[in-house]
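Let's take a walk through this fold together, with the structure open beside the text. We'll begin with how the chain is put together and then turn to the charged side chains.

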Amino acid sequence: METFEFKVADQLGTLVVLEVAGYINNEGGEVIAREARKLIDAGHRTLLLDLRATRIINSIGISLLLEVLERTLEVKGTLAFCCLTPSIAKTFQIMGLAQYTRIFPDRAVALAELSPRQ
């Protein structure tokens, strides 16, 4: 079983980059949801999850990401993902996450699009 790791990698104004590694299941999803709530409550409106080191996500993990999406939409924010594996990208399409989030091929493209304009 893959271990789960999560960290706030960068903060640029209201944008926060979160690096996620390992299996997003109920435990990993809870960590993401809890930390996302804290960041949103602190005024961050754009969350970018870099899933470069994530290979698998289960249905409970998806449901917890949907909770993060709902909370983000409540504050008129943006939930975005980058560096998805093909299987995770397909799962996001099937589950509807891709319809309401922004998905980028890599972090550089995501930051260019999402970073607050000076």
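A good place to start is the right-handed β-α-β unit made by β3, α2 and β4. This is a predicted model, so keep that in mind as we go. In this unit, β3 and strand β4 (residues 78–82) pair in the parallel sense, with five bridges between them. If you'd like a spot to click on, go to Leu47, whose bridge partner in β4 is Leu79.

Now look at the other neighbour of β3. Strand β2 (residues 15–21) also pairs with β3, in the parallel sense and over six bridges. Here Leu18 stands opposite Leu49 in β3. There is a helix to go with this pair too: β2, α1 and β3 form a right-handed β-α-β unit. So how many of the residues of β3 are buried? Six of its eight, which leaves the strand mostly covered.

Let's step back to the whole chain for a moment. There are five helices and five strands, and from the N terminus on they run β-β-α-β-α-β-α-α-β-α. The C-alpha trace spans about 40 × 25 × 25 Å along its principal axes. What about the radius of gyration? A compact globule of 118 residues would have a value near 13 Å, and the chain agrees with that at 13 Å. Of the 118 residues, 43% count as buried. Contacts across the sequence are plentiful in this sense: among those with a separation of 6 or more, 68% are between residues 24 or more positions apart.

Next, the charges. Side chains of opposite charge can pair when their charged atoms come close. A search of the whole structure turns up nine salt bridges, and a few of them are worth visiting.

Begin inside a helix. Lys38 and Glu35 meet through their side chains in a salt bridge, 3.3 Å from N to O. Both residues lie in helix α1 (residues 26–41), and they are three residues apart, about one turn of the helix. Glu35 has a relative accessible area of 21%, so it counts as partly exposed, given that buried means under 20%.

At the end of that helix's residue range you'll find another pair. The side chains of Asp41 and Arg71 form a salt bridge at 2.7 Å, N to O. This one links distant parts of the chain, from Asp41 in helix α1 to Arg71 in helix α2 (residues 59–74), with the two positions 30 residues apart. How accessible are the partners? Asp41 is exposed, at a relative accessible area of 56%, while Arg71 is partly exposed at 25%.

Then come back to β3 for a pair with a buried member. Asp50 forms a salt bridge with Arg107, and their closest N and O atoms are 3.0 Å apart. Again distant parts of the chain are linked: Asp50 sits in strand β3 (residues 46–53) and Arg107 in helix α5 (residues 107–114), 57 residues apart. Is Asp50 buried or exposed? Buried, with a relative accessible area of 3%. This pair also belongs to something wider, as salt bridges that share partners join Lys7, Glu19, Asp50, Arg52 and Arg107 into one network.

Lys7 deserves a closer look as a member of that network. You'll find Lys7 in strand β1 (residues 5–12), and at 48% relative accessibility it counts as partly exposed. Apart from its neighbours within four places in sequence, Lys7 is in contact with Val17, Leu18 and Glu19. Leu18 is the residue that we met opposite Leu49 in β3.

One last stop: Asn25, in the loop between β2 and α1. With a relative accessibility of 14%, Asn25 counts as buried. What does its side chain reach? A polar atom of the Asn25 side chain lies 3.1 Å from the backbone nitrogen of Glu27, and the side chain also reaches the backbone nitrogen of Gly28, at 3.0 Å. Beyond its neighbours within four places in sequence, Asn25 is in contact with Asn58, Gly61 and Leu64.

Conventions
Residues numbered from 1 in each chain as written. Predicted model: local features only at pLDDT ≥ 70, side-chain atom pairs only at ≥ 80, totals over all residues. Heavy atoms only, no water. Salt bridge = Lys/Arg side-chain N within 4 Å of Asp/Glu carboxyl O. Helix = DSSP H or I, 4+ residues; strand = E, 2+ residues; numbered from the N terminus. Buried < 20%, exposed > 50% of the residue type's maximum accessible area, 1.4 Å probe, protein only. Pairing = 2+ DSSP bridges. Right-handed = clockwise from strand over helix to strand, strands pointing away. Polar contact = N/O pair within 3.5 Å; in protein donor to acceptor, adjacent residues only side chain to side chain. Contact = heavy atoms within 4.5 Å. Rg over C-alpha atoms; globule rule 2.2 N^0.38 Å.
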